[in-house]
Amino acid sequence: QIVKALEVTFNEKVKANAVRQETERHDESIRGALRAVRMLETVAEISRNRRFQSFMSSVVRTSKYMEKYEAIGQSDVELMTFGGMTGAESRLVQDADDVIMSDK
């Protein structure tokens with residue numbers, strides 16, 4: 001189901017008469033989806049999934065998206081997974097998240 005949601009994002013088209021804000025919003029959703037794909041690749045069960053592999057070769061690794069995909073490098077993935085933080089910093093973030101969630 002993750003792949004299906006990603007496919008919807010990549011298959012969205014911006015109207016020919018779209019204003020700049022709509023175009024930027026679309027580009028940002030594509031970048032977000034590419035970041036999600038980078039993260040999903042780190043999960044062994046997902047990266048071995050045939051549908052995910054097919055999606056990667058038919059959508060992400062096409063000339064249209066490859067440059068943007070490559071620009072989201074390993075450093076971005078590390079930042080998204082608290083890899084750029086020390087253990088103490090990531091625990092602080094987790095503790096803050098726990099406090100926020102308990103307030104709701």
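I take an axis here to be a line fitted to C-alpha atoms, for helices over the stretch in contact. One thing to keep in mind throughout: this is a predicted model.

**Entry 1: α1 beside α4**

I started with helix α1 (residues 2-11) and helix α4 (residues 50-60), whose axes come within 10 Å and cross at roughly 10 degrees. Angles under 35 degrees count as roughly parallel. I therefore noted α1 and α4 as roughly parallel to each other. Next I looked up who makes the contact: Val3, Lys4, Leu6, Glu7 and Phe10 come from α1, while Arg51, Phe52, Phe55, Val59 and Val60 come from α4. I sorted these contact residues by kind and got seven nonpolar, three charged and no polar.

**Entry 2: the two sides of α1**

Which residues of α1 are buried? I found Val3, Leu6, Thr9 and Phe10. They cover an arc of only 120 degrees around the axis, so I put them on the same side of α1. That fits a general point I jotted in the margin: an α-helix has 3.6 residues a turn, so residues three or four places apart point the same way. On the face turned away from the buried side of α1, I found the exposed residues Lys4, Val8 and Asn11. I also checked what covers the buried residues of α1, and the cover includes α2 and α4.

**Entry 3: the two sides of α4**

I then did the same for α4, where Phe52, Phe55, Met56, Val59 and Val60 are buried. Looking down the axis of α4, I saw its buried residues fall within an arc of 105 degrees, so they line one face of the helix. The face of α4 turned away from that buried side carries Arg50 and Ser57, both exposed. What do the buried residues of α4 pack against? My list reads α1, α2 (20-41), α3 (44-47) and α5 (66-71).

**Entry 4: the start of α4**

I zoomed in on the start of α4, at Asn49. A side-chain oxygen of Asn49 reaches to within 2.8 Å of the backbone nitrogen of Arg51. Arg51 had already turned up in my notes as one of the α4 residues in the contact with α1.

**Entry 5: Arg38**

My last stop was Arg38, which sits in helix α2. Is Arg38 buried or exposed? I had to recall the cut-off here, as buried means under 20% relative accessible area. Arg38 has 17% relative accessibility, so I wrote it down as buried. Following the side chain of Arg38, I saw that it reaches the backbone oxygen of Tyr69 at 3.2 Å.

Conventions: Residues numbered from 1 in each chain as written. Predicted model: local features only at pLDDT ≥ 70, side-chain atom pairs only at ≥ 80, totals over all residues. Heavy atoms only, no water. Axes fitted to C-alpha atoms, helices over the stretch in contact; angles between N-to-C directions. Helix = DSSP H or I, 4+ residues; strand = E, 2+ residues; numbered from the N terminus. Parallel < 35°, antiparallel > 145°, perpendicular 65-115°, else oblique. Contact = heavy atoms within 4.5 Å. Nonpolar A, V, L, I, M, F, W, Y, C, P; charged D, E, K, R; others polar. Buried < 20%, exposed > 50% of the residue type's maximum accessible area, 1.4 Å probe, protein only. Arc of directions from axis to C-beta. Polar contact = N/O pair within 3.5 Å; in protein donor to acceptor, adjacent residues only side chain to side chain.
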